[in-house]
There are 4 protein chains.
Amino acid sequence: MAGTDVLTPFRVLNGIHEASPTVISVRGRRLGNGHFGLIAGPCTVESRDQTLSSARAVAEAGATMLRGGAFKPRTSPYAFSGLGLEALEILREASDETGLPVVTELLDPRHVEEVAAIADVVQVGARNMQNYPLLVEVGRLDRPVLLKRGSSASVDELLNAAECVAKEGNERIILCERGIRTFERATRYTLDLGAVAALKQRTHLPVVVDPSHAAGERSLVLPLARAAAAVGADGIIVEVHPRPDEALCDGPQQLAAGEFRAFAAEIAAIASLLGKQIG
Amino acid sequence: MAGTDVLTPFRVLNGIHEASPTVISVRGRRLGNGHFGLIAGPCTVESRDQTLSSARAVAEAGATMLRGGAFKPRTSPYAFSGLGLEALEILREASDETGLPVVTELLDPRHVEEVAAIADVVQVGARNMQNYPLLVEVGRLDRPVLLKRGSSASVDELLNAAECVAKEGNERIILCERGIRTFERATRYTLDLGAVAALKQRTHLPVVVDPSHAAGERSLVLPLARAAAAVGADGIIVEVHPRPDEALCDGPQQLAAGEFRAFAAEIAAIASLLGKQIG
Amino acid sequence: MAGTDVLTPFRVLNGIHEASPTVISVRGRRLGNGHFGLIAGPCTVESRDQTLSSARAVAEAGATMLRGGAFKPRTSPYAFSGLGLEALEILREASDETGLPVVTELLDPRHVEEVAAIADVVQVGARNMQNYPLLVEVGRLDRPVLLKRGSSASVDELLNAAECVAKEGNERIILCERGIRTFERATRYTLDLGAVAALKQRTHLPVVVDPSHAAGERSLVLPLARAAAAVGADGIIVEVHPRPDEALCDGPQQLAAGEFRAFAAEIAAIASLLGKQIG
Amino acid sequence: MAGTDVLTPFRVLNGIHEASPTVISVRGRRLGNGHFGLIAGPCTVESRDQTLSSARAVAEAGATMLRGGAFKPRTSPYAFSGLGLEALEILREASDETGLPVVTELLDPRHVEEVAAIADVVQVGARNMQNYPLLVEVGRLDRPVLLKRGSSASVDELLNAAECVAKEGNERIILCERGIRTFERATRYTLDLGAVAALKQRTHLPVVVDPSHAAGERSLVLPLARAAAAVGADGIIVEVHPRPDEALCDGPQQLAAGEFRAFAAEIAAIASLLGKQIG
């Protein structure tokens, strides 16, 4: 009946698919093909103290990479939208101190150099999954890309976005499921773990899960993270804040730094059951 | 902005909630509060041989209850809709031989006596979650009820449907998540495990997950079942057929009887990690 | 990828399709093939006065049929669920006085005789679109059926439900679009007028639209009703209450009786532009 | 329960709201507050001949603006993605010849000068509704902006995106509904005309409707366009191609140039019934 874009075969991704599963290696940390990534850190870099404090906590508890937003896409133009370039410097310091590679979002193609100078992994956020100029830029980078699924993007469209990146030469892509938009309001988004299972069958790229945005509420993050590990994800990316109640962004869904150790242990146990090791 | 029915507090369920978690006990099998249920069997009773064969396989592999449809709601009036009363007799025989309690669906309030005479647990299917005359009938039964979430029902609406049953006196209710309808087509329905986590916080009723209907495809059933166990469900209900390729209904999503033992072992390992035992 | 029930061709409906468009005639009123139906009345029969008052107002303003619920499916068991059999008597009186045929919902297959004794058109509600025992019962009636689309049912599934009715012998079916469930909350449901356009191409059955439930708010009902007429619907079914603020059910979305005349005039003007006449 | 960004009041838009309805005036054409816009032209500029041919046809039939894509966001990187800067020259020529103002999409903030040099109205596409760097750029332009709703964006989010533009100083914003993503497949997207009615109540900005993308099929475009006019939209934006079967993009949903005159007449009749005039 009704059409959608007819999808050309994934020329580059299919080549990747035929090879063995992709492993993303950055500064001694691995993700994919049996290596489970624990990516943690604050939603947004708010200050030097908050970021270093969160980074130390997650590093000590076994995180394998540090996440943190410098540029935050926000629905309202009046919401806190990140410290920008200043945040990148803070992330670099946190990374230097803890040894954790940094995952941070690129929002504007005109910032690609500044972000790539700091980021070990460049994130493309859900709102930008079909921002083609941005996909082309990260496709030309010598940095792994963490590509988040749009909140109403299909699995096919996510793979097409990955193909846009791969076509430019960058095949080091981590796919990320972070919840889709449905009628249900018990959670902020509906985490689609069936999509993770389907992606694992259809591509050799690693797939990670962000349970924080989908949960929208701290107490739901751990069960969803366990489920993500059990469905076969290659890692999770989770928000951790030293004092979530004071967070400038998404406080209710950020884990407290103090509870991350126990959290990480539960996830590691499930990953281990599936024959995977952390990092 | 726009309204929905204003929901009265869950008078009966709240009373249940204040007590300790509900355990459903049938013929020596338990489900809830640390007891993980493995409910397995054919989608539909097609014949005596097929049903006995599936029942024996799942019993030997450690299932705790036998599922099987006598009356099948089907989208098209020309699809196979079950053997009806004849199927109930076959289920009784399978149950007698294996010792497994039977879970089967009641579709028509006028069949309540015949179904209750055989069923240890009476199922209300997703299409009937808001069939109020049916909810009233099962609310008056002396049988546990397995209440499936409608494919576009919210968590609130599922709890209201449970309240309809409980209000009539029957508080032995097992809630069941089986996937919601979204735009995504990589799976037949989107399994909403966030809803399971939310339900576990909001009620003391046991919650089970049906990964078969959501997956729509055999190879996705095991990962989704693992995720269900990991998110904290109290059991799973899964379709198993001796020869799925010959199934009259939902063949592509039914597990083969021969693969159920390994399947059950994987689920049991995760349940055990969460401190639960099978049955 | 993932399956849905494979749909058998619509044997009976296809036969209807090949003939000329179906016209539903009841007590001198027509709906379909150029005859536009204005079905109006209270959401629920609350009392004799309220129902007669609403019936007189809509009759005087040009309504072609009277709607009113005797049995109301409600999400919560504690919400007002209709006067039942007593309401049927009130509807009969309102119908006798105004001459308007009555459209009312059948909720329970065990009430089929009582409802059919009063109803000129028997409604199957959205929650029951896949209640197969109910579809079979109305399929055996000598009464037109108004079949509402489920809030997450596809166009294909609606046609299959219609086929279930037609297969039993009753081909006098009015399809009704009343909004589907989506993420959007600006309206209660998302009225899917594209589905109406698609249905008009795929079947010769008349299609009406219920803008009240989708709008969820009085001020949105008129624009949506105009759009329904303009997209090519064969009628609308709309809730009108003498004093909406005192309504026991869905007050915010019911039109006031006093504003129905102007409402009807706007709809009639659009229907006329499309070459249709009221009733 | 679960959160979304808490939305700050729309500071700038609220100011607009208090004033009289916004009218967008470009080169003698008006849109808003009683002026109905007929924006038509090819999905994508494929060649000089195709664009001039389409432009002449829609100009003669009464279109008030010319649409045409120079940069096309496409799901697959292998799909035709527009002629880019070359297309802008062709659009300028078509505009000069016909006198129609040009509406064309800006995809990359780095192209803002080239696009603004040609475009009378700059479009932000559905995939970019939350591309904040792009919103800031168009917010600083001295050009009206046509802002399309994302396929899973809520009405609130669309208004927030508009606020992002207005906050930068550009209050000449045309909102555009183009269909949301739902489970239904009878149409490509579900056109949400309830959102149009809600937007008309909540803002004084003009709202137009794109029926082509939602329909996904030519025969559904006219009924949906009629419905858009009837619900109270201030205009429609529709794809017209001289030979749709040869179109490089979205052929099945483009109207043939030869049928546009009759199409425009039907829409004008409904707009007139609502007291509006074309252009």
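Biologist: Where does Glu157(C) sit in this model?

Modeller: This is a predicted model, and in it Glu157(C) belongs to helix H6 of chain C, residues 155-167.

Biologist: Why is Glu157(C) called partly exposed?

Modeller: Let's count its neighbours! Glu157(C) has 19 C-beta neighbours inside 10 Å. A buried residue needs 20 or more, and an exposed one has 12 or fewer. The count of 19 falls in between, so Glu157(C) is partly exposed.

Biologist: How far is Glu157(C) from Leu248(C)?

Modeller: Their C-alpha atoms are separated by 32 Å, and the two residues are 91 residues apart along the chain.

Biologist: Now to chain B. What makes H7(B) roughly parallel to H9(B)?

Modeller: Helix H7 (residues 193-202) and helix H9 (residues 218-231) of chain B pack at an angle of about 25°, and their axes are 10 Å apart. Angles under 35 degrees count as roughly parallel, so this pair earns that name. The crossing of H7(B) past H9(B) is right-handed.

Biologist: Which residues meet there?

Modeller: From H7(B) come Leu193(B), Val196(B) and Ala197(B), and they meet Ala227(B), Ala228(B) and Val231(B) of H9(B).

Biologist: How do the residues of that contact divide into nonpolar, polar and charged?

Modeller: There are 6 nonpolar residues in the contact of H7(B) with H9(B), with no polar and no charged ones.

Biologist: And how many residues of chain B are in contact with chain A?

Modeller: In chain B, 34 residues are in contact with 34 residues of chain A. H9(B) gives the most to that side of chain B, with 9 residues. The side divides into 21 nonpolar, 9 polar and 4 charged residues.

Conventions. Residues are numbered from 1 along each chain as its sequence is written. Chains are lettered from A and ligands numbered from 1 in the order in which they are written. This is a predicted model: local features need pLDDT of at least 70, side-chain atom pairs count only at pLDDT 80 or more; totals for chains, interfaces and linings use all residues. Axes are lines fitted to C-alpha atoms, for helices over the stretch in contact, and angles run from 0 to 180 degrees between N-to-C directions. Helices (H or I, at least four residues) and strands (E, at least two) are DSSP runs, numbered from the N terminus. Angles under 35 degrees count as roughly parallel, over 145 as roughly antiparallel, 65 to 115 as roughly perpendicular and the rest as oblique. A crossing is left-handed if the near helix is turned anticlockwise from the far one by less than a right angle, and right-handed if clockwise. Two residues are in contact if their C-beta atoms, placed from the backbone, lie within 7 Å. Ala, Val, Leu, Ile, Met, Phe, Trp, Tyr, Cys and Pro count as nonpolar, Asp, Glu, Lys and Arg as charged, and the others, Gly among them, as polar.
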